[in-house]
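Work through the exercises below with the sequence and the model open. Try each task before reading its solution.

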Amino acid sequence: MLKFALKNMAIKRVQIILVVLSIVISAGIGVLAFNVSNQVSDGIVSNAQYYSLIIGPSGSQTQLVMNTMYFSEEPLGTMPYSVVANLEMDSRVNQVVPFAMADSYNGYGVVGTTSAYLDGKTIKEGALFDDKQELEAVIGYNVARYNGLNVGDTIYTSHSAIEGDTHEQGIKVVGILNESHSSFDNIVFTQLKTLWHMHEHEGEEAHSHEICAILVKAKNPGVALQIINEYDGKHIEGDNDKDVTLQAIEPMNAVRGILKDADNTKYIVFVLCAVILIMNVMIISIITLLNMYHSSKEITLMRLIGISMRKINMLYIIQNGIIGIVSTLLAFGVSRLCLLFMNDYVSQMGVVLNMGKVYPLELVILLGVFVISILPTTIWTLVMSKRNAQE
Amino acid sequence: MIEIKNVTKEFQNETAIDYKDMVFENSKSYMLLGASGCGKSTLLNLIAGIMAPTTGSIVIDGKRMEELSQRERDKFRIEKIGYIFQDFKLIEEMSVIDNINILNIEGIDTQGAPKLLEELGILDKKNAKIKHLSGGQKQRVAIVRALVKSPEIILADEPTGNLNFAIGEQVIKELVKASQGKTLIAVTHDERLSKYFDFVIDMNEITSGKRDVVSEEGTKKC
């Protein structure tokens, strides 16, 4: 039966290839869109959950989150380091990570922080910098790769991209991060002291020690809210006696806001997928109609020589089943392949796509497409095979 | 033995054929002669269980066909009857052997096909697609498909209809030879072929086939 089904399929290979392509494109795009949008959402949320709160100068919450977690926006401004010192003495806090972003190295951003900021990141070569030292750097995978840097090399950062604006003081590379397909691959991390040192030694106006933001892990969500309430809107004395107004935010809330905007885009993608799916059904129906004449002749012929309706149904169900299974498996494979290509793009958002991640709804989509795709032919076959042979 | 008893067949366009009672003996060959529309092919379809009579009975080896279910009639047809259709009923895009092996779907053993193909002189076409064969070759494939399951009854509807006389005669000779020991009922227009059959039934003598009639006892070959 299977052998005959395969031979019969070989005869109709052009139509079958069209059906398979149609299913692969529609199901593949649908599954890919769903998977990527969910993995990105999950990834962003997961990153945002790492810290309980972020404190920074007042301004856009989104900008503060995007700057401190994905390095994709400019800092909102600066605030005195004394806030860090106060938080470190706060018994409700587990971890305080200061964050400053200034200068660049060949276009790659330079972040001044503590080694705690790199918790969970793995080192490819060398080691993390020593928080008590200065002028040491751990560089992202791409920074090392595209600048030919190794552990022990010295880099010179600059205030801007303008030539001649480079700091005279060099920073020694002590470690290189493993590739993470995230924005961490494109950053130079150094001690806060290094950034302060650069600016103090080059005749700049004397600054007290300043930072751009503070990432805080509170002991529990309750105290996190307390701290947010205490610091949000708080006025403190900044550089040159200028008051700085602080904002304290829960990263998850800010991310939810970002994702809400992204959801609109997601819905557009889903609508497009639905349109493709409808087109898929139409294409398959048209192909089925074109096959009707051929199939009806074939079924009549088999009935005339005495092959039972049950066997004919089984034959076509096997054929349609093979088409459906091959198509949906191919659609799934193509969607995973596309994930691989999309990884670099979404890594800018600090998310690494997991090739093996399969959402239950993806399986539902694939099953739905499978059923929709084989249904017209199966119904037609059942109707045909039930007609008497003489018709 | 095939018995036709008080059989009539009505069609949707209100034409009808009445068959007189007749009997086809086992292991004999019968030739049905007659003009188009007089009910020759219908009779074959009734015997094969493809059609059901409107009234009357067709009894084969004591079994009343009208009492069988559709599934039983299918089973009977695939196991006991080899039917050679006028238009061959072959899948054009498939090879000769695949057209015969289609019977495997119902568990029919087709291992004897190469021998039959050889006997009919088309073994070398075993893997050729039907669409690349001549009419005579296609007819031989249809014969092999009908005979490969060693049926007890062979029905042949105009087996020479698409062939010239020389090839048609050759096909009939081969068919009769291959049907030794089986009941063969063949429909044909060509009286010249009657010498190869045990009996000839001239259905023309009875009516036009449209209401009132058809058929009489088999006329012994002259």
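The exercises that follow concern a predicted model.

**Exercise 1. Surroundings of one glutamine**

Task: Place A:Q95 in the secondary structure, decide whether A:Q95 is buried or exposed, and list what A:Q95 touches.

Solution.
- Step 1. A:Q95 belongs to strand β3 of chain A, which covers residues 93-105.
- Step 2. The relative accessible area of A:Q95 is 17%. Buried means under 20%, so A:Q95 is buried.
- Step 3. Leaving aside residues up to four places away in sequence, A:Q95 touches A:Y51, A:A116, A:D119, A:L215, A:V216 and A:K217.
- Step 4. With one of these, A:D119, the contact is polar: side chain to side chain, at 3.3 Å.

**Exercise 2. The interface of chain A and chain B**

Task: Describe the interface of chain A and chain B by its residues, its buried area and its polar links.

Solution.
- Step 1. On chain A 21 residues are in contact with 20 residues of chain B.
- Step 2. The two chains bury about 2000 Å² between them, and 67% of that area is on carbon and sulfur atoms.
- Step 3. There are 3 salt bridges between chain A and chain B. A salt bridge joins A:K7 to B:D98, with 2.8 Å between the closest N and O atoms.
- Step 4. Counting pairs with both residues at pLDDT 80 or more, 6 residue pairs are in polar contact across the interface.
- Step 5. On the side of chain A that touches chain B, the elements giving two or more residues are α1 (2-11), α8 (251-304) and α9 (309-346). The largest share, 5 residues, comes from α8(A).
- Step 6. By type, this side of chain A divides into 11 nonpolar, 5 polar and 5 charged residues.

**Exercise 3. Aromatic pairs**

Task: Classify the pairs A:F34 with A:Y359 and B:F24 with B:Y30, and state where the first of these pairs sits in the chain.

Solution.
- Step 1. Over all chains the structure holds 14 aromatic pairs.
- Step 2. The rings of A:F34 and A:Y359 are 5.8 Å apart centre to centre, with 90° between the planes, an edge-to-face pair.
- Step 3. A:F34 is in helix α2 (residues 13-49) and A:Y359 in the loop between α9 and α10, so the pair links distant parts of the chain, 325 residues apart.
- Step 4. Both A:F34 and A:Y359 are buried.
- Step 5. For B:F24 and B:Y30 the centres are 4.9 Å apart and the planes at 85°, so this pair is edge-to-face.
- Step 6. B:F24 counts as buried at 0% relative accessibility, and B:Y30 counts as buried at 3%.

How values were computed. Residues are numbered from 1 along each chain as its sequence is written. Chains are lettered from A and ligands numbered from 1 in the order in which they are written. This is a predicted model: local features need pLDDT of at least 70, side-chain atom pairs count only at pLDDT 80 or more; totals for chains, interfaces and linings use all residues. Side-chain values use heavy atoms; hydrogens and water are left out. Helices (H or I, at least four residues) and strands (E, at least two) are DSSP runs, numbered from the N terminus. Buried means under 20% relative accessible area, exposed over 50%, partly exposed in between (1.4 Å probe, protein chains only). A polar contact is a pair of N or O atoms within 3.5 Å; within protein, one must be able to donate a hydrogen and the other to accept it, and residues adjacent in sequence count only if both atoms are side-chain atoms. Contact means heavy atoms within 4.5 Å. Buried area is the accessible area (1.4 Å probe) that two parts lose on being put together, summed over both. A salt bridge is a side-chain nitrogen of Lys or Arg within 4 Å of a carboxyl oxygen of Asp or Glu. Ala, Val, Leu, Ile, Met, Phe, Trp, Tyr, Cys and Pro count as nonpolar, Asp, Glu, Lys and Arg as charged, and the others, Gly among them, as polar. Rings of Phe, Tyr and Trp (its six-membered ring) pair if their centres lie within 6.5 Å; planes under 30 degrees apart count as stacked, over 60 as edge-to-face and the rest as tilted.
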